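Colleague: I've got this model open on my screen and I'd like a close look at one part of it, the way two of the helices pack against each other. Could you walk me through that spot and then work outwards from there?

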Amino acid sequence: MSSTQHDPRSVAEPAPRHWTERIGIPRPLAWGFIGVLIFMIGDGVEAGYLSPYLLGEGIPAQRVALVFSVYGATASIAAWFSGALSDIWGPRRVMWTGLVIWIVCHILFLTMALTTVDYRLILLTYGLRGFGYPLFAFGFLVWVSAVTPRRRLGTAVGWFWFAFTGGLPTLGSLVASGLVPRIGAYSTLWVALALIIVGGLIALLLVREPTGSRRLAPEGERPIITLLGSLTILWRRPRIGVGSAVRTINTASQFGFLVFLPIFFTETVGLSLEQWLRLLTVMFATNIGFNLLFGVVGDRLGWRRTVAWCGGVGSAISVLALYYVPVAVGPQYALALLVAAFYGATLAGYVPLSALMPSLAPEHKGQAMAALNLGAGVSVVAGPAIVAVFLGPLGVVGVMWIFALLHLASALMTAFLRLPDEGGADEVPPATVPERQPAAPLPERE
């Protein structure tokens, strides 16, 4: 990162006075972070038990898997649309759309699909509900990137991911663990709806910041051009394409691990299923805290440097440790927990990427965030695909090395993610646009 980002004299900005700004939360958006946390708790309530609930209703395992595959596909599409539509409509309208989709589809899912155990309705209503949470949550992330001063953007997106992962799956699963034994699985899904409504309304009614209510794309740009631009930006701005690839690598290993690590730790290492589940909880709980920490570190040490060393190199080391340490010492649970926490922490090293991407294209922040979210969606497919192709011929150790090398590759790729004031020729330096307003329409120099 250049010294411009960290030099207080580089931006005429008063010192933060309110306590929220002192901890890195933009004061005008403070209620939004709380709303996102509550919303994602509601979205995460079902994460730990919906699959066995559907199996218990007599739906075959293959059909249950298809339900979640469709849900993942719609969520990936919505993640891309959250940035593209924010350019056209503004983030607030995108968030309202996501909230309404979630509420309507969930009510239909509960009242029509589950009560009749009609598989086609379950597939339709739950699949369509997948459009809901990315539009709401990632729409807010675009809003954060549009109004936060660049020198504090890493910390702000760290708080976003703290709220996001704190709700899904962590606190959401905790709520379910307390409610399901008391009121039943079906009634708990109604509680999830109540949490969604409360969180959504807190974010949308209590946040009055005006930028979120207007389009982020330059005035006069046609909607279809803006929408297509959220894809073409991948090659119009090669650095955005590289950033999207880095985001894919970020969580590809995470989604791949969920396919085979349960068997590895229980059958090869010798942990019990209960120990494995607690290990997984520790892994993601650690990730939550470090999401915030690395946001702050990125603002202090530089976004690219943090992503490269803490995210890329750190994750490569932790991936290999996650294999070699348990193999070397056997079912030593304390050491297994330690390497799992190490992996969860290093994954969070990629958090500053959410600050870096919109800063690479300050006049098209929505398109840049769409590319980032597209990378996140691709990782859901890429990780398990790598496992499916290579686990048979190469075994667990081979797959671990593939993921480790990918993380190292992502560290090298960050060398291309240069900000405008680091020598970029096709973006406008952020110092030339207002820090708390969307970038002014400027001609692109492609």
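Modeller: The crossing of helix 5 and helix 8 is right-handed. Bear in mind that this is a predicted model. Helix 5 covers residues 61-89, and its axis runs 8 Å from that of helix 8, at an angle of about 35 degrees. On the helix 5 side, the residues that meet helix 8 are Tyr71, Ala75, Ala78, Ala79, Phe81, Ser82, Gly83 and Ser86. Facing them from helix 8 are Tyr133, Pro134, Leu135, Phe138, Gly139 and Val142.

Stay with helix 8 for a moment. Residues 132-147 make up this helix, and the largest nonpolar core has 80 residues. Helix 8 supplies the largest share of that core, eleven residues. Which residues touch the most other members of the core? They are Phe109, Phe140, Phe160 and Phe164. If you click on Phe140, you'll find it touching Leu29, Gly32, Phe33, Val36, Met95 and Phe160, leaving out anything up to four places away in sequence. There is also a second, separate core of 32 residues, with Phe257, Val339, Val387 and Val399 among its members.

Now move to Gly167, which sits in helix 9, residues 153-183. Gly167 counts as buried because its relative accessibility is 0%, and the cut-off for buried is under 20%. Its contacts, apart from neighbours within four places in sequence, are Leu37, Met40, Ile41, Gly44 and Gly172. Gly167 and Val45 are 122 residues apart in sequence, yet their C-alpha atoms are 8.6 Å apart in space.

Before leaving this half of the numbering, have a look at the loop between helix 6 (91-116) and helix 7 (119-129), where Val117 is placed. Val117 has a positive phi of about 50 degrees although it is not a glycine. Is Val117 buried or partly exposed? With a relative accessible area of 31%, Val117 is partly exposed.

Helix 5 has another partner worth a look. Helix 11, residues 223-236, bends by about 50 degrees at Ser230. Ser230 is buried, as are Thr226, Gly229 and Ile233 in that helix. The buried residues of helix 11 pack against helix 5, and also against helix 12 (238-269) and helix 17 (365-413).

Those last two helices bring us to a pair of polar residues. Ser253 lies in helix 12, and His407 lies in helix 17. Ser253 is buried, with a relative accessible area of 0%, and His407 is buried too, with 1%. Leaving out residues up to four places away in sequence, Ser253 touches Tyr343, Leu347, Phe403 and His407. By that count His407 touches Ser253 along with Ile249, Asn250, Gly312, Ser315, Ala316, Val319, Leu347 and Tyr350. Leu347 turns up in both lists, so you can use it as a landmark when you zoom in on Ser253 and His407.

Several contacts of His407, including Gly312 and Ser315, lead on to helix 14, residues 303-329. Helix 14 has a kink of about 30 degrees centred on Gly314. What about its length? At 1.5 Å a residue, the 27 residues of helix 14 should span 39 Å, and the end C-alpha atoms are 36 Å apart, which agrees. Just after helix 14, Gly330 takes a positive phi of about 80 degrees.

Next along the chain, Ala336 is found in helix 15, residues 333-347. At 4% relative accessibility, Ala336 counts as buried. Ala336 touches Phe265, Leu271 and Leu279, again without residues up to four places away in sequence. Val325 is eleven residues from Ala336 along the chain, and the C-alpha atoms of the two are separated by 7.5 Å.

Let me finish with a glycine to set beside Gly167. Gly289 is placed in helix 13, residues 273-301. Gly289 is partly exposed, with a relative accessible area of 36%, whereas Gly167 is buried at 0%. Gly289 and Gly220 are 69 residues apart in sequence and 42 Å apart in space, C-alpha to C-alpha.

Note on methods:
Residues numbered from 1 in each chain as written. Predicted model: local features only at pLDDT ≥ 70, side-chain atom pairs only at ≥ 80, totals over all residues. Heavy atoms only, no water. Core = buried A, V, L, I, M, F, W, Y, C linked by side-chain atoms within 4.5 Å. Buried < 20%, exposed > 50% of the residue type's maximum accessible area, 1.4 Å probe, protein only. Helix = DSSP H or I, 4+ residues; strand = E, 2+ residues; numbered from the N terminus. Contact = heavy atoms within 4.5 Å. Expected span 1.5 Å × (residues − 1). Bend = angle between axes of the 7 residues up to and from the residue. Axes fitted to C-alpha atoms, helices over the stretch in contact; angles between N-to-C directions. Left-handed = near helix turned anticlockwise from the far one by under 90°.
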